[in-house]
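Please take a moment to look over the sequence and the model shown below. The paragraphs that follow lead from the sheet at the centre of the discussion to the ligand and then to some unusual backbone geometry.

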Amino acid sequence: MGLTAVVNTSIWFPSPSESRHRPNRIFCGSNSPSSLVRIFCGSNSPSSLSVSSKSNEALNVMISGAPASGKGTQCQLITAKYGLVHIAAGDLLRAEIATASPIGNRAKQYMEKGLLVPDEIVVEMVKERLLKPDSQQHGWLLDGYPRSLSQATALNSFSFRPHIFLLLDVSEHVLVDRVVGRRLDPLTGNIYHLKYSPPETQEIAARLTQRFDDSEEKVKLRLKTHHQNVDSVLSIYKDITVKINGNLSKDQVFAQIDTALTTLIHQRNPASGSLTP
Ligand SMILES: Nc1ncnc2c1ncn2[C@@H]1O[C@H](COP(=O)(O)OP(=O)(O)O)[C@@H](O)[C@H]1O
């Protein structure tokens with residue numbers, strides 16, 4: 001592990017164009033910190049700095065958790081209230097699969113086995129989506145990425161750092177029960193559960209679809225992959241991680257997330273309380 005230096009400074013993530021020309025560098029200002037977070041600079045020699053993120057950046061959030069831990073459901077509630085751009089690695093992959101491209105066909109082979117799709121496919125997909133103007137302007141809500149240390153390191157090398165890492169903690173038996181009952185409305189994107197969150201009308205019920213990897217057998221493979229990688233990712237974000245009890249109802253889970261995000265926003269913008277001044 002590299003040198004650990006505690007430096008009171010503010011930090012400014014360079015704009016996408018600057019990131020492209022100066023990879024692996026983060027510009028440090030000298031304003032007094034409003035809140036301290038520990039981050040790693042660069043990708044090879046992690047020298048952790050304890051810095052404050054400049055409050056005029058848009059809010060950047062990561063949400064993580066085991067398969068069917070509720071990430072997608074909570075992301076719908078978070079984006080509705082905070083206006084962040086929801087970027088879900090799984091959705092990006094399924095969209096690629098829908099194009100029947102060679103990359104999509106290759107990705108599906110891994111997804112059907114509950115394995116992580118290779119970094120050379122996922123990292124580029126997520127990076128390109130993060131670089132789009134809407135993500136930069138409104139802030140991003142990154143869902144289901146990173147799922148490995150190499151993916152987290154890649155994100156750092158592009159100078160993308162979250163202000164908070166939300167970890168949905170759900171018991172394994174709850175996860176399996178959720179997966180087998182999960183259904184998706186292809187028209188609205190809404191997520192339902194046949195037992196816990198049934199469709200409002202027969203019309204919706206008739207058009208619901210089930211993901212090809214949402215079977216009891218496949219979710220156990222996905223859970224195995226999750227357990228093999230989760231600790232290495234958590235180690236990178238341990239100083240900004242907020243653990244959420246995901247076993248509760250949808251609204252009770254969101255109440256915890258809402259409190260965490262509101263608290264963070266007020267810490268960064270005590271006066272205005274807005275996402276950015
Ligand atoms: N960051 C990622 N890296 C590699 N593969 C991924 C990643 N995110 C999703 N996948 C693939 O897509 C599948 C579905 O992921 P996702 O839609 O996030 O559902 P869940 O959160 O329920 O696992 C995963 O099982 C994995 O095969």
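Which residue in E8 does Val61 stand opposite? In this predicted model, Val61 stands opposite Ile164 in strand E8. The two strands concerned, E5 and E8, pair in the parallel sense over five bridges. E5 also has a connection to E7: three bridges join these strands, which run parallel. Within that pairing, Met62 of E5 stands opposite Leu142 of E7.

These pairings belong to a wider arrangement. Five strands form an open sheet with parallel pairing, in the order E6-E7-E5-E8-E11. Strand E6 (85–88) and strand E11 (241–245) stand at the edges; each has a single partner strand, so one side of each is left without a neighbour in the sheet. On average, neighbouring strands of the sheet are turned by 20° against each other, direction ignored. E11 is paired with E8 in the parallel sense over five bridges, and Leu167 stands opposite Lys243 in E11. Helix H3, residues 89–98, lies across E6 and E7 and runs at about 65° to E6.

How many of the five residues of E5 are buried? Five of its five residues are buried, and E5 is thus described as mostly covered. In a regular strand the side chains alternate between the two faces of the sheet. For E5, both faces are covered: Val61, Ile63 and Gly65 are buried on one side, and Met62 and Ser64 are buried on the other.

Leu166 offers a view of the same region from another strand, for its place is in strand E8. Is Leu166 buried or exposed? Leu166 counts as buried because its relative accessibility is 0%, and the cut-off for buried is under 20%. Leaving aside residues up to four places away in sequence, Leu166 touches Val61, Met62, Ile63, Ser64, Ile78, Val242, Ile257 and Ala260. Although Leu166 and Val61 are 105 residues apart along the chain, their C-alpha atoms are separated by 7.5 Å.

The model also holds a ligand, surrounded by 20 residues, of which the closest are Lys71, Arg94, Leu115, Arg147 and Arg222. A polar side-chain atom of Arg94 lies 2.7 Å from an oxygen atom of the ligand. On the nitrogen side of the account, a polar backbone atom of Gly144 is 2.9 Å from a ligand nitrogen atom, and an N or O atom in the side chain of Gln151 is 2.8 Å from a nitrogen atom of the ligand. The protein covers 96% of the 540 Å² of accessible area that the ligand has on its own.

Finally, the backbone deserves attention. Most residues other than glycine have a negative phi, and most peptide bonds are trans. Against this background, a cis peptide bond joins Tyr145 and Pro146, with omega about 0°. Pro146 is found in the loop between strand E7 (140–143) and helix H7 (149–157). Ala68 has a positive phi, near 65°, without being a glycine; its place is in the loop between strand E5 (61–65) and helix H2 (71–82). Ala68 is buried, with a relative accessible area of 10%. Ser159, likewise not a glycine, has a positive phi of about 65°, and its place is in the loop between H7 and strand E8 (164–169). Ser159 is also buried, with a relative accessible area of 5%.

Note on methods. Residues are numbered from 1 along each chain as its sequence is written. This is a predicted model: local features need pLDDT of at least 70, side-chain atom pairs count only at pLDDT 80 or more; totals for chains, interfaces and linings use all residues. Side-chain values use heavy atoms; hydrogens and water are left out. Helices (H or I, at least four residues) and strands (E, at least two) are DSSP runs, numbered from the N terminus. Buried means under 20% relative accessible area, exposed over 50%, partly exposed in between (1.4 Å probe, protein chains only). Two strands pair if DSSP finds at least two bridges between them. Axes are lines fitted to C-alpha atoms, for helices over the stretch in contact, and angles run from 0 to 180 degrees between N-to-C directions. Contact means heavy atoms within 4.5 Å. A residue is near a molecule or strand if one of its heavy atoms lies within 4 Å of it. A polar contact is a pair of N or O atoms within 3.5 Å; within protein, one must be able to donate a hydrogen and the other to accept it, and residues adjacent in sequence count only if both atoms are side-chain atoms. Accessible areas come from the Shrake-Rupley method with a 1.4 Å probe; for residues, only the protein chains shown count as cover.
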